[in-house]
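Q: I would like to learn how to read the main features of a fold from a model. Where do we begin?

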Amino acid sequence: MKLARPPRPAHGETIIALIDVVFFLLVFFMLIGRMDATAPFDVLPPVATTGQDLPAGGVTLSVAADGALAWDGTALERPDLPARIATALADKPELLLRINAHRDAELRFVLPLVGLAEEAGVTETVLVVTPTPPAGTP
């Protein structure tokens with residue numbers, strides 16, 4: 001007597017649904033993620049009454065309220081700043097330096113950075129500020 005095995009049920013294409021979910025998650029996190037370096041401390045730029053849009057590119061030097069520095073999101077000691085600027089200028093001579101200082105940072109922490117950048121050869125320095133909100137907005 002010969003017994004026949006029952007045929008195996010055909011499996012559906014379940015991996016396709018998983019790939020779609022992973023793709024949508026990837027797109028979602030790319031859209032909500034920041035593409036710019038963030039400082040290892042909170043920086044709230046001062047509010048300005050005039051100004052222009054922030055130019056793209058360059059490097060960001062963040063200054064905390066207590067004077068701590070970060071170069072493109074990495075903590076940096078003040079004595080190491082000239083060497084970091086020189087390295088960045090060697091890679092890109094037309095370097096744009098964005099100084100993103102906390103609104104409570106004293107000018108004695110911020111202004112010497114502009115002079116140091118000019119001495120090192122940086123041709124364009126931009127101070128990051130928050131635009132004044134339109135009247136009637138919270």
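**Reading the sheet, the core and a salt bridge**

A: Start with the sheet. In this predicted model, five strands make up an open sheet with mixed pairing, in the order β4-β3-β2-β5-β6. At the edges lie β4 (74-76) and β6 (124-127), each of which pairs on one side only. Direction ignored, neighbouring strands of the sheet are turned by 30° against each other on average.

Q: In what sense do β2 and β5 pair, and over how many bridges?

A: The pairing of β2 with β5 is parallel and runs over five bridges. As one example of register, Ser62 has Asn100 in β5 as its bridge partner.

Q: Which strands do the helices α2 and α3 touch?

A: Helix α2 packs on the sheet and touches β2, β3 and β4; its direction makes about 20° with that of β3. Helix α3 also packs on the sheet, where it touches β2, β3, β5 and β6, and its direction makes about 175° with that of β5.

Q: How do these elements fit into the protein as a whole?

A: Count and order come next. The protein has three helices and seven strands, and from the N terminus on they run α-β-β-β-β-α-β-α-β-β. Of the contacts with a separation of 6 or more, 72% join residues 24 or more positions apart.

Q: What should I look for in the interior?

A: In soluble globular proteins, nonpolar side chains tend to be buried together. Here the largest nonpolar core has 20 residues, and Leu61, Val63, Trp71, Leu81 and Leu97 have the most contacts inside it. At least two residues of this core come from each of β2 (59-63), β3 (69-71), α2 (81-91), β5 (96-101) and α3 (107-120).

Q: Which residues does Leu61 contact, apart from its neighbours within four places in sequence?

A: Its contacts include Leu69, Ala70, Trp71, Leu76, Leu81, Leu97, Ile99 and Leu113. Arg98 and Asn100 are also among them.

Q: How much of the protein is buried, and what makes up its accessible surface?

A: Buried residues account for 25% of the 138 residues. The accessible surface comes to about 10400 Å², and carbon and sulfur atoms hold 62% of that area.

Q: How many salt bridges are there, and which side chains take part?

A: The count is one salt bridge. It joins the side chains of Glu106 and Arg108, at 2.5 Å from N to O.

Q: Are these two residues buried or exposed?

A: Glu106 is partly exposed, because its relative accessible area is 40%. Arg108 has 56% relative accessibility and so counts as exposed, the cut-off being over 50%.

Methods: Residues are numbered from 1 along each chain as its sequence is written. This is a predicted model: local features need pLDDT of at least 70, side-chain atom pairs count only at pLDDT 80 or more; totals for chains, interfaces and linings use all residues. Side-chain values use heavy atoms; hydrogens and water are left out. A salt bridge is a side-chain nitrogen of Lys or Arg within 4 Å of a carboxyl oxygen of Asp or Glu. Buried means under 20% relative accessible area, exposed over 50%, partly exposed in between (1.4 Å probe, protein chains only). A nonpolar core is a set of buried Ala, Val, Leu, Ile, Met, Phe, Trp, Tyr and Cys residues joined through side-chain atoms within 4.5 Å. Helices (H or I, at least four residues) and strands (E, at least two) are DSSP runs, numbered from the N terminus. Contact means heavy atoms within 4.5 Å. Accessible areas come from the Shrake-Rupley method with a 1.4 Å probe; for residues, only the protein chains shown count as cover. Two strands pair if DSSP finds at least two bridges between them. Axes are lines fitted to C-alpha atoms, for helices over the stretch in contact, and angles run from 0 to 180 degrees between N-to-C directions.
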